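Grab a pencil and work through these exercises with the structure open beside you. Try each task yourself before you read its solution.

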Amino acid sequence: MRLTIYLAGEIHSSWRDEIKKKSLALNLPIDFVGPMEDHERSDNIGEEILGKQPGAVSKDAAASSLNNLRTGVLMQKSDLVIALFGEQYKQWNTAMDASAALAAGKPVIIIRPENLHHPLKELSRKANATVETCDQALKALAYIFE
């Protein structure tokens, strides 16, 4: 059995690469998908497809529609969602993706440091598992295959 896992969370650090590398080392039969990691492409995709927009709000709306389409399709095809909440960046998209996954009935693992326990307490209680590190998330994935 192979699983497809959607990796939700900020796109500025290498946490996805860490999870992918370590899952390969563990020989876990997993395919990973996630949001567009090229920030400039994500911000400009609306204009690339729909043409020049009249202002910043319209540009963001066009890009958001297409990014939401992409995320929705990939998340719907996923068996499980891992949502990483880090400390360095705003986590609005991560919260939105985790909530959408839960609403769709997808199993969710939340990764968050202990100091984010309080602001994420309700979301953590809805998730199937909440861990503090990528390594703990990998152990949870490995457990699925035992």
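**Exercise 1. Check how the overall size of the chain fits a simple rule.**

Solution. Start with the length: the protein chain has 146 residues, and a compact globule of that length would have a radius of gyration near 15 Å. Now take the value for this chain, which is 16 Å, so the two agree. Keep in mind that you're looking at a predicted model. For another view of size, put a box around the C-alpha atoms along the principal axes: it comes out at roughly 55 × 35 × 25 Å.

**Exercise 2. Work out the order of helices and strands.**

Solution. First count: there are six helices and five strands in the protein chain. Then walk along the sequence and write down each element as it comes, which gives β-α-β-α-α-β-α-β-α-β-α. Next, look at contacts between residues with a separation of 6 or more: 65% of them join residues 24 or more positions apart.

**Exercise 3. Describe the surface and the charges.**

Solution. Begin with burial: 39% of the 146 residues count as buried. The chain exposes about 8700 Å², and carbon and sulfur atoms supply 53% of that area. Finally, find the mean position of the 17 positive charges and that of the 19 negative charges; these two points are 4 Å apart.

**Exercise 4. Follow helix α2 from start to end.**

Solution. At the start of α2, look for D38: one of its side-chain oxygens reaches to within 3.2 Å of the backbone nitrogen of E40. Move on through the helix, residues 39-50, and mark the buried ones: S42, N44, I45, G46 and E47. What do the buried residues of α2 pack against? They pack against α3, residues 56-77. Just after α2 comes G51, with a positive phi near 95°.

**Exercise 5. Decide what stands out about N27.**

Solution. Locate N27 in the loop between α1 (15-25) and β2 (30-33). Check its backbone: phi is near 55°, a positive value in a residue other than glycine. Here's the background: most residues other than glycine have a negative phi. Is N27 buried or exposed? Its relative accessible area is 67%, and exposed means over 50%, so N27 is exposed.

**Exercise 6. Compare the surroundings of A101 and Q76.**

Solution. Place them first: A101 sits in helix α4 (residues 92-103), while Q76 is in helix α3. They are 25 residues apart in sequence, yet their C-alpha atoms are 8.2 Å apart in space. Now accessibility: A101 has a relative accessible area of 0%, so it's buried, whereas Q76 is at 52% and therefore counts as exposed. Then list contacts, skipping neighbours within four places in sequence. A101 is in contact with M75, V81, K106 and V108. Q76 touches A104 and K106. For one more distance, try Q76 and K21: they're 55 residues apart in sequence and 24 Å apart in space, C-alpha to C-alpha.

**Exercise 7. Classify S124 and find what it touches.**

Solution. Find S124 in helix α5, residues 121-126. Its relative accessibility is 14%, and buried means under 20%, so S124 counts as buried. Leave out residues up to four places away in sequence, and the ones S124 touches are I110, R112 and T130.

Definitions and conventions
Residues numbered from 1 in each chain as written. Predicted model: local features only at pLDDT ≥ 70, side-chain atom pairs only at ≥ 80, totals over all residues. Heavy atoms only, no water. Helix = DSSP H or I, 4+ residues; strand = E, 2+ residues; numbered from the N terminus. Rg over C-alpha atoms; globule rule 2.2 N^0.38 Å. Buried < 20%, exposed > 50% of the residue type's maximum accessible area, 1.4 Å probe, protein only. Contact = heavy atoms within 4.5 Å. Areas by Shrake-Rupley, 256 points an atom, 1.4 Å probe, with all protein chains shown as cover. Polar contact = N/O pair within 3.5 Å; in protein donor to acceptor, adjacent residues only side chain to side chain.
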